[in-house]
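Trainee: I am new to this structure, and I would like to understand the reasoning behind the words used to describe it. Could we go through them one at a time?

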Amino acid sequence: VGPEQQVVDRMRQHLPPHILDLFEDVGRLADGNSVQVYVVGGFVRDLLLGVNNLDIDLVVEGDGIRFAAELARFLKGTLRTHEKFGTAVIRWGDQKIDVATARREFYQYPAALPQVEASDLRQDLYRRDFTINALAIRLNRERFGELVDFFQGVKDLEQGLVRVLYNLSFVEDPTRILRAIRFEQRYRFTIEPQTMGFAREAIARHMIRELSYERMVDELILILSEENPAPALRRLTELGLWEYLLPGLAWTPWVEVEVSAAPPMLKALAEAGLPISRRPWVVYFYILARHLSMEGVRFVNDHYPMKQVMRDGLFKLHKEGKDTNQALMNWLRADNPLSRLESILRDWPEEAILALRAGFSLPDTLRLFEAWRRIRETHPRLTGNDLKALKIPPGPIYARILNRLRLERLDGRLADAGAERDFVRHLLRGEAPALETKGGKHV
Ligand code: ATP
């Protein structure tokens, strides 16, 4: 069996049939347009590792945009092009296909002549981050499935090594240091010793500082989006990278315990039908932020691009985290009413609640979030229209009354709409305990 056949067999084994069909169509279209087309990067790496990955990156030797337009038309997909970069994105159902024109901006010397055959592809792959990400599979009909491995990526995959393609790789793009750590930990590989040397050199030269905070955050988010980010975060510590990413963060064994406890916690919550967030990285970010000094929080707030809710969450964790944590402990121990829990958690983003739970056991966490769900799902039976019917003049008082009804209902009082109506009447006559405002003050 030739090497091409081996790759084709592997694709048959690991890929859904419609993707294999897609690749054959791509090859046919490529032939018709007299261009060479390859699938490259993480897709190939993961195919060889037997890991699921359907992020398809195509590289075209020739006019990538024209080819992408042709492919989009053939697939009846939608096309978005970036003329300046020679790239395009096709959406085909829920499949995304990235198409790029092979780039050759990195000549080895200024007047280098393009080499014969596959030279564009070689240049394109050469500017990539690691040998394991610089593999390609040819899709043209002639030699369909040919594995293109200019830089011994297959050998590094077999040996479990993350290796850069050239010495100045990290200087040129310091995000690659974070990417190296991410791939190393995800696949339990090792950063190849010489590569590690280059990384340390780039770090010693403070190259990370050259990055924009946007790019830094993007890479940090990618690390925090890994299934279990703890080992990669430990590696960031070993390399002295927190100084750039989250200044003032001390990666203590306690932080590590908390971060490591989160994945099973998230899993258990999801299994109990209480999924926390579609973005687990936010939980990790809050956990880390809890261990920052106030200065560190300010730094993050000043430099990191973030949504306002997250900024609020960070400051809240700092100012009120300890007290809230204690209040939750008390609530769990004393089995307090749901209305009490509502008042503790009211203004907390959900992900931050999970980051708060230092010291809670798994059953306690499940109990807490079960209660939280009930709180969110409980509404008063009366509506604004009912209040109108009671001749209450509309105004901010409506929200307060409805919230109060909700709290009463949470604690199992007011069995039906009639009871709620009576309660409202009492309330307005000043015969029930006063209404709470949003800030928790009584009016
Ligand atoms: P993941 O499985 O995390 O998505 P991936 O390898 O697919 O990993 P992407 O960020 O989607 O990662 O990048 C796709 C490809 O683009 C990579 O495989 C790599 O070849 C190249 N690449 C991405 N970022 C860089 C970079 N900073 N420098 C050089 N090449 C990069």
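Mentor: Let us start with the ligand, keeping in mind that this is a predicted model. Helix α8 (residues 175–186) gives the most to the shell around the ligand, with 3 residues.

Trainee: Which residues are around the ligand, and what makes a residue count as near?

Mentor: A residue is near the ligand if its C-beta atom, placed from the backbone, lies within 6 Å of it. The residues around the ligand are Gly 41, Gly 42, Asn 53, Asp 55, Asp 57, Arg 128, Asp 129, Asn 133, Asp 173, Thr 175, Arg 176 and Arg 179.

Trainee: How does this shell divide into nonpolar, polar and charged residues?

Mentor: The shell holds no nonpolar residues, 5 polar ones and 7 charged ones; Gly counts as polar here, so Gly 41 and Gly 42 belong with the polar group.

Trainee: Which domains does the shell draw on?

Mentor: At least three residues come from each of domain 1 (3–158) and domain 2 (160–223). The domain assignment of the protein chain also gives domain 3 (246–377) and domain 4 (384–428), and the C-alpha centres of domain 1 and domain 3 lie 42 Å apart.

Trainee: Why is Glu 192 called buried?

Mentor: The cut-off is 20 or more other C-beta atoms within 10 Å, and Glu 192 has 20 such neighbours, so Glu 192 counts as buried. Its place is in the loop between β9 (190–191) and α9 (193–204).

Trainee: What is Glu 192 in contact with, leaving aside its neighbours within four places in sequence?

Mentor: Glu 192 is then in contact with Leu 161, Val 162 and Arg 163. Of these, Arg 163 is 29 residues apart from Glu 192 in sequence, while the two are 5.5 Å apart in space, C-alpha to C-alpha.

Trainee: Which residues touch the most other members of the largest nonpolar core?

Mentor: They are Tyr 38, Val 39, Leu 58 and Ala 136, in a core of 94 residues. The largest share of this core, 8 residues, comes from helix α14 (residues 280–290), and apart from it lies another core, of 7 residues, among them Leu 387 and Phe 423.

Trainee: How does the radius of gyration of the protein chain compare with that of a compact globule?

Mentor: A compact globule of 443 residues would have a radius of gyration near 22 Å, whereas the protein chain has 28 Å. Along its principal axes, the C-alpha trace spans about 90 × 50 × 40 Å.

Notes: Residues are numbered from 1 along each chain as its sequence is written. This is a predicted model: local features need pLDDT of at least 70, side-chain atom pairs count only at pLDDT 80 or more; totals for chains, interfaces and linings use all residues. A nonpolar core is a set of buried Ala, Val, Leu, Ile, Met, Phe, Trp, Tyr and Cys residues joined through C-beta atoms within 7 Å. A residue is buried if 20 or more other C-beta atoms lie within 10 Å of its own, exposed if 12 or fewer, and partly exposed in between; C-beta atoms are placed from the backbone. Helices (H or I, at least four residues) and strands (E, at least two) are DSSP runs, numbered from the N terminus. Domain bounds come from an automatic or database domain assignment. The radius of gyration is taken over C-alpha atoms; the globule rule is 2.2 Å times the number of residues to the power 0.38. Two residues are in contact if their C-beta atoms, placed from the backbone, lie within 7 Å.
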